[in-house]
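Here are some short exercises to work through with the model open beside you. Try each task before you read its solution.

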Amino acid sequence: MKMLEIKIEEAMAGRTVRSVLLREGHMAASHLSSLKFREGGLLLNGQRARSSDVLRPGDMLASRIDDGRGENPAQPMEAPLDFVWEDEYLAVLNKAAGMAVHGSLQGGACTVANALAARWGREQTFHPVNRLDRGTSGLMLIAKSAYLHDRLRLALHSDSLRREYLALVEGVMDPPCGHITLPIGSDGTPRRRVDRQGQSAHTEYATLLTHGGLSLLRLTLHTGRTHQIRVHLSALGHPLLGDALYGGCAAEPGRPALHSFLLRFTHPITGEVIECRAPLPEDLRIFPVVRAWEGQ
């Protein structure tokens with residue numbers, strides 16, 4: 001049973017359990033309301049508590065932050081998963097290219113959801129914090145409860161949760177470093193486009209090396225729009241290698257040459273800063289520009 005514990009300081013005295021959990025605990029009101037129906041949901045100094053109870057200095061407030069009886073509706077399917085970091089609250093997965101995060105609930109190719117249903121059991125709800133396209137490889141953060149998912153979702157694109165990518169693009173970026181702030185909208189298909197009426201989007205890029213007509217970029221997402229990196233680079237005339245949907249050459253590697261290589265976040269429970277890295281997979285290391293960069 002996962003618990004959030006808060007020691008009541010002088011500044012919190014006189015407030016209610018509800019007030020402290022909503023503000024200091026960053027708890028959603030719906031989750032808080034559900035706790036009164038759960039065994040050990042709310043405890044004050046080890047005794048059952050109500051959300052209206054008034055707190056005193058030195059009190060120890062504890063609340064459940066697990067999902068209780070969760071459910072992963074995906075059919076369990078055995079598949080290898082490469083976890084680079086994990087504890088009882090969170091996990092960081094190095095996702096292989098070609099594996100979708102979600103998919104059909106019945107049959108079809110194995111997704112991350114299917115593989116986790118087999119690994120963790122269907123009673124563990126699947127809470128991906130950041131999602132990667134099927135063709136994108138690399139790091140994705142998974143929360144093990146809705147409470148933790150909400151905490152981390154609010155931290156996305158802030159200093160508390162940073163994501164960086166490596167990408168191979170066609171041509172030479174001019175300027176070699178910069179920011180792309182083109183808004184992105186939908187045209188009613190899976191494809192996205194730059195649209196003045198679309199959602200704001202911000203991608204930061206830096207050229208690491210250019211060789212043989214290709215450039216290796218390091219990219220930071222400051223927003224999280226669908227296909228954001230792919231749309232932004234295509235709009236500048238430098239689509240991702242292998243990204244046929246957005247004008248890239250459909251040759252090797254046979255998928256968009258995009259890899260989530262760095263994930264750094266502040267753990268919402270322990271406060272520890274966790275940094276994970278995943279090296280480029282073999283299908284992207286065959287290119288001379290990558291080998292030259294790795295050899296520097």
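A salt bridge here is a side-chain nitrogen of Lys or Arg within 4 Å of a carboxyl oxygen of Asp or Glu. Keep in mind that you're looking at a predicted model.

**Exercise 1. Find out how many salt bridges the structure holds, and which residues are linked with Asp66 in a network of them.**

Solution. Start with the total: there are 15 salt bridges in the structure.

Next, go to aspartate 66. One of its partners is arginine 38, with the closest N and O atoms 2.8 Å apart. These two come from distant parts of the chain, 28 residues apart: aspartate 66 sits in the loop between E4 and strand E5 (82-86), and arginine 38 in the loop between helix H2 (29-35) and strand E2 (42-44).

Now look at arginine 64. Its side chain also meets that of aspartate 66 in a salt bridge, at 2.8 Å from N to O.

Put the two pairs together and you get a network of Arg38, Arg64 and Asp66. As for burial, aspartate 66 and arginine 38 are both buried, and arginine 64 is buried too.

**Exercise 2. Work out which parts the salt bridge between arginine 230 and aspartate 243 ties together.**

Solution. First check the pair: the closest N and O atoms of arginine 230 and aspartate 243 are 2.8 Å apart. Then place each residue. Arginine 230 belongs to helix H5 (residues 228-235) and aspartate 243 to the loop between H5 and E15, so the bridge ties together parts 13 residues apart in sequence. Both residues are buried.

**Exercise 3. Put the strands of the four-stranded open sheet in order, and say which ones stand at the edges.**

Solution. Read across the sheet: the order is E1-E4-E2-E3, with antiparallel pairing. Now count partners. Strand E1 (3-7) and strand E3 (47-48) each have a single partner strand, so each has one side without a neighbour in the sheet. Those are your edges.

Zoom in on E1 and strand E4 (residues 60-64): five bridges join them. In one of the pairings, isoleucine 6 has leucine 61 of E4 as its bridge partner.

**Exercise 4. Track down the residues that touch the most other members of the largest nonpolar core, and the helix that gives this core its largest share.**

Solution. This core has 34 residues, and the ones touching the most other members are Leu21, Met27, Leu61, Leu90, Leu141, Leu161 and Phe265. Helix H4 (residues 146-155) supplies the largest share, four residues. A separate core of 29 residues includes Ala74, Ala91, Ala167 and Leu240.

Pick leucine 90 for a closer look. Beyond its sequence neighbours within four places, its contacts include Trp85, Leu141, Leu148, Leu152 and Phe265.

Then turn to H4 itself. Its buried residues include Tyr147, Leu148, Arg151 and Leu152. Among the elements covering the buried residues of H4 are E1, E6, strand E8 (137-143) and strand E9 (161-170). After H4 comes histidine 157, with a positive phi near 65°.

**Exercise 5. Decide whether threonine 111 is buried or exposed, and find what its side chain contacts.**

Solution. Locate it first: threonine 111 is in the loop between strand E6 (90-95) and helix H3 (112-120). Its relative accessibility is 4%, so threonine 111 counts as buried, given a cut-off of under 20%.

Its side chain makes a polar contact with the side chain of asparagine 114, at 2.8 Å. Leaving aside neighbours within four places, threonine 111 is also in contact with Met99, Ala100, Val101, His102 and Gly103.

Key:
Residues numbered from 1 in each chain as written. Predicted model: local features only at pLDDT ≥ 70, side-chain atom pairs only at ≥ 80, totals over all residues. Heavy atoms only, no water. Core = buried A, V, L, I, M, F, W, Y, C linked by side-chain atoms within 4.5 Å. Buried < 20%, exposed > 50% of the residue type's maximum accessible area, 1.4 Å probe, protein only. Contact = heavy atoms within 4.5 Å. Pairing = 2+ DSSP bridges. Polar contact = N/O pair within 3.5 Å; in protein donor to acceptor, adjacent residues only side chain to side chain.
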